[in-house]
Amino acid sequence: MLVMGIDPGLSRCGYGVVQTYGRATQAIAAGIIRTDKSLPTPQRLYQLQNELTQLMQEHRPNVIAIEQVLFQVNVRTAMGVGQASGVAMATAVQAGAEVFEYTPTQIKKTVSGWGAADKSQTSKMVQTLLRLPKPLKPVDAADAMAAALCHLAQSRPQPQSWSTT
């Protein structure tokens, strides 16, 4: 299975792609998409859509795992993140991928074992889980990779408990 994680943002949108081979997981690609802050929002969203389309055509993910926007102190930032998230979801559907959303707490708890983990702890766990030589930079790429890893953990069949009753 090939999973692309996305940490949505209008200025910086993180992405991370992982491939599973049985129980083994390998990092395929990670990075960020930057949009030009001097452009109007519609053009920035179009730029984001084009970049995401190219990435999805290149990697052909089965699943897109997106970090869900729950709360932002800055309303303007929240709007941009929400718009970027919508563009990512629509682009994923157009590419034929399934879309799953995970809260930041779900992602942190799944990857680091603690739902209140900070970005450096989550980044370090991504590095450890994927056996990377160094943490992913910038942190948006690590957050996106964490979303992909969260999906893999959530979608794996859980061991069956057997009862004799």
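**Exercise 1. Packing of helix H4**

Task: In this predicted model, find which helices are among those covering the buried residues of H4, and work out where on H4 those residues lie.

Solution.
1. Start with the cover: it includes helix H3 (104-112) and helix H5 (139-155).
2. List what is covered. Helix H4 spans residues 119-129, and its buried residues are Thr122, Ser123, Val126 and Gln127.
3. Look down the axis of H4. The buried residues fall within an arc of 140°, so they line one face of the helix.
4. Step past the end of the helix. Just after H4, arginine 131 takes a positive phi of about 55°.

**Exercise 2. Backbone outliers**

Task: Locate arginine 60 and arginine 131, and decide whether each is buried or exposed. Then state which peptide bond before proline 138 is cis.

Solution.
1. Take arginine 60. Its phi is positive, about 50°, although the residue is not a glycine.
2. Place arginine 60: the loop between H1 and S4. Its relative accessibility is 60%, and the cut-off for exposed is over 50%. Arginine 60 therefore counts as exposed.
3. Take arginine 131. Phi is near 55°, again positive in a residue other than glycine.
4. Arginine 131 sits in the loop between H4 and H5. With a relative accessible area of 60%, arginine 131 is exposed.
5. Now the proline. Proline 138 is found in the loop between H4 and H5. The bond from lysine 137 to proline 138 is cis, with omega near -10°.

**Exercise 3. Counting disulfides**

Task: How many disulfides does the model contain? Justify the count from cysteine 13 and cysteine 150.

Solution.
1. Recall the chemistry. A disulfide is a covalent bond between the sulfur atoms of two cysteines.
2. Set the test: the two sulfur atoms must lie within 2.5 Å.
3. Apply the test to cysteine 13. The closest cysteine sulfur belongs to cysteine 150 and is 17 Å away, too far for a bond.
4. Check from the other side. Cysteine 150 is in no disulfide, and its nearest cysteine sulfur is that of cysteine 13.
5. The count is zero.
6. Add the environment. Cysteine 13 is buried, at a relative accessible area of 0%. Cysteine 150 is buried too, at 0%.

**Exercise 4. The nonpolar cores**

Task: Identify which residues touch the most other members of the largest nonpolar core, and which element gives the most to it.

Solution.
1. The largest nonpolar core has 21 residues. Met4, Ile6, Ile33, Leu48, Leu52, Met56 and Ile64 touch the most other members.
2. Map the core onto elements. Those giving two or more residues are strands S1 (2-7), S2 (12-21), S3 (24-34) and S4 (63-67), with helices H1 (41-59) and H2 (75-94).
3. H1 gives the most, with five residues.
4. Zoom in on methionine 56. Leaving out residues up to four places away in sequence, it touches Met4, Ile6, Pro61, Ile64, Ala88, Thr91, Ala92 and Ala95.
5. Do not merge the cores. A second, separate one has 19 residues, including Val3, Val63, Tyr102 and Leu132.

**Exercise 5. Tryptophan 114**

Task: Where is tryptophan 114, and which residues does it touch beyond four places in sequence?

Solution.
1. Tryptophan 114 lies in the loop between H3 and H4.
2. Its contacts, beyond four places in sequence, are Lys108, Lys109 and Gln121.
3. Compare sequence with space for tyrosine 102. Tryptophan 114 is twelve residues from tyrosine 102 along the sequence, and their C-alpha atoms are 15 Å apart.

Definitions and conventions. Residues are numbered from 1 along each chain as its sequence is written. This is a predicted model: local features need pLDDT of at least 70, side-chain atom pairs count only at pLDDT 80 or more; totals for chains, interfaces and linings use all residues. Side-chain values use heavy atoms; hydrogens and water are left out. A nonpolar core is a set of buried Ala, Val, Leu, Ile, Met, Phe, Trp, Tyr and Cys residues joined through side-chain atoms within 4.5 Å. Buried means under 20% relative accessible area, exposed over 50%, partly exposed in between (1.4 Å probe, protein chains only). Helices (H or I, at least four residues) and strands (E, at least two) are DSSP runs, numbered from the N terminus. Contact means heavy atoms within 4.5 Å. The arc is that of the directions from the helix axis to the C-beta atoms.
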